[in-house]
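Reader: Please take a close look at one part of this model, the largest nonpolar core, and set out what surrounds it.

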Amino acid sequence: MSEFGFPDLPDHLKFSPVESTSAPYYDYQKLFTTIVFGTLFIAVLTYKSIETVIGRFLNVPQDNWRDIIKDAFDEYNQLKEGDDNNNNKKENKENNKKSIFLKSGAVGTKISSIRRRLVFGSIKPSLYSTIPLSTTETTDSSNPVYSNKLRINKIDLQNGYDKFYEKMKPIESTNINFRKILFGFFHPNGDCKGGGEKVLWESIYSTLKNDKLNIAILYTFTQNNKVSCN
């Protein structure tokens with residue numbers, strides 16, 4: 001008899017606890033935590049790896065980038081020496097107007113990283129924009145001559161390779177005091193003359209005015225054959 005006066009159950013009806021063979025709750029929690037942190041670790045590692053690869057691809061040119069740029073200066077000097085020995089004034093005048101293109105085969109896929117070096121080295125960095133600096137109704141901003149072909153402008157060629165290289169080479173104690181600093185601004189349709197553009201240009205103006213070594217790089221969209229979006 002039980003303490004409440006009820007008869008005892010037969011043995012075959014009595015509850016007999018069975019030892020559980022499943023993992024305890026804390027084991028599942030531990031497994032879940034491991035999976036979460038493992039996934040986060042792999043995601044961060046993958047992101048950092050991709051960031052490093054893309055950053056190196058965009059910012060670091062090939063090992064012979066100095067030779068590629070120097071070849072353009074050498075070509076200019078050869079043209080100049082030829083002009084000195086040439087009595088054709090018209091031809092000399094045309095040669096003196098020329099910018100020298102870098103060899104496309106040598107530049108390869110490193111257009112952006114080499115363009116960055118040219119911006120660092122130039123007396124007038126805006127000359128290395130990917131869009132024309134002045135436009136008319138017939139100007140095609142998608143022309144590869146602006147975006148896909150690199151050239152050394154005449155004023156930099158006249159200034160000489162040594163001065164150009166000193167400004168564009170990696171930071172050292174010898175050039176840190178005149179090393180340019182690049183500031184990027186992303187603003188699609190930056191030529192629409194709206195309120196946003198006024199803020200944009202004030203920001204760029206302040207950046208340039210703050211230090212003569214500051215360079216403002218504007219990432220924007222320009223419609224083909226249009227001087228504005230109006």
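Author: What follows starts with the chain as a whole and then turns to the core and the helices around it.

This is a predicted model, in which local features need pLDDT of at least 70 and side-chain atom pairs count only at pLDDT 80 or more, while totals for chains, interfaces and linings use all residues. Residues are numbered from 1 along each chain as its sequence is written, and side-chain values use heavy atoms, with hydrogens and water left out.

The protein chain has 9 helices and 4 strands; helices (H or I, at least four residues) and strands (E, at least two) are DSSP runs, numbered from the N terminus. Along the sequence the pattern is α-α-α-β-α-α-α-β-α-α-β-α-β. The mean pLDDT of the protein chain is 76, and 66% of the residues score at least 70; pLDDT is the predictor's confidence in each residue, from 0 to 100. Among the elements, helix H7 (residues 154-159) has the highest mean pLDDT, 91, and helix H3 (residues 89-96) the lowest, 50. For residues 225-230 the pLDDT is below 50, and this stretch has 17 contacts in the model beyond near neighbours in sequence. Contact means heavy atoms within 4.5 Å. Of the contacts in the protein chain with a separation of 6 or more, 72% are between residues 24 or more positions apart.

Of the 230 residues in the protein chain, 24% are buried. Buried means under 20% relative accessible area, exposed over 50%, and partly exposed in between (1.4 Å probe, protein chains only). The protein chain exposes about 16,600 Å², with carbon and sulfur atoms supplying 57% of that area; accessible areas come from the Shrake-Rupley method with a 1.4 Å probe, and for residues only the protein chains shown count as cover.

Now the core. A nonpolar core is a set of buried Ala, Val, Leu, Ile, Met, Phe, Trp, Tyr and Cys residues joined through side-chain atoms within 4.5 Å. The largest one has 22 residues, of which Ile69, Leu102, Ile114, Leu118, Ile152 and Phe164 touch the most other members. H2, helix H5 (111-121) and H8 each supply at least two residues of this core, and H2 gives the most, with 6 residues. In soluble globular proteins, nonpolar side chains tend to be buried together.

Ile69 shows how these parts meet. Leaving aside its neighbours within four places in sequence, Ile69 is in contact with Leu102, Ile114, Leu118, Ile152, Tyr161, Phe164 and Met168. Three of those partners, Tyr161, Phe164 and Met168, are the buried residues of helix H8 (residues 161-168). They cover an arc of only 65° around the axis, which puts them on the same side of H8; the arc is that of the directions from the helix axis to the C-beta atoms. On the face of H8 turned away from the buried side are the exposed residues Asp162 and Lys163.

H5 is mostly covered, with 9 of its 11 residues buried. Among them are Ile114 and Leu118, and also Ser113, Arg115 and Arg117.

Helix H7 contains Asp156 and Leu157. Asp156 is buried, with a relative accessible area of 1%, and Leu157 is buried at 2%. Apart from neighbours within four places in sequence, Asp156 is in contact with Phe73, Gly121, Ser122, Ile123, Tyr128 and Phe164. With such neighbours again left aside, the contacts of Leu157 are Ala72, Phe73, Tyr76, Lys98, Ser99, Ile100 and Ile152. Phe73 thus appears in both lists. From C-alpha to C-alpha, Asp156 and Ser99 are 9.2 Å apart, with their positions 57 residues apart in sequence. For Leu157 and Glu75, 82 residues apart along the chain, the C-alpha separation is 9.8 Å.

H2 also carries the salt bridge of the structure, which holds 1. A salt bridge is a side-chain nitrogen of Lys or Arg within 4 Å of a carboxyl oxygen of Asp or Glu. Here the side chains of Lys70 and Asp74 meet at 3.3 Å, N to O. Both residues lie in helix H2 (residues 65-84), 4 residues apart, about one turn of the helix. Lys70 is partly exposed at 34% relative accessible area, and Asp74 is partly exposed at 28%. Side chains of opposite charge can pair when their charged atoms come close.
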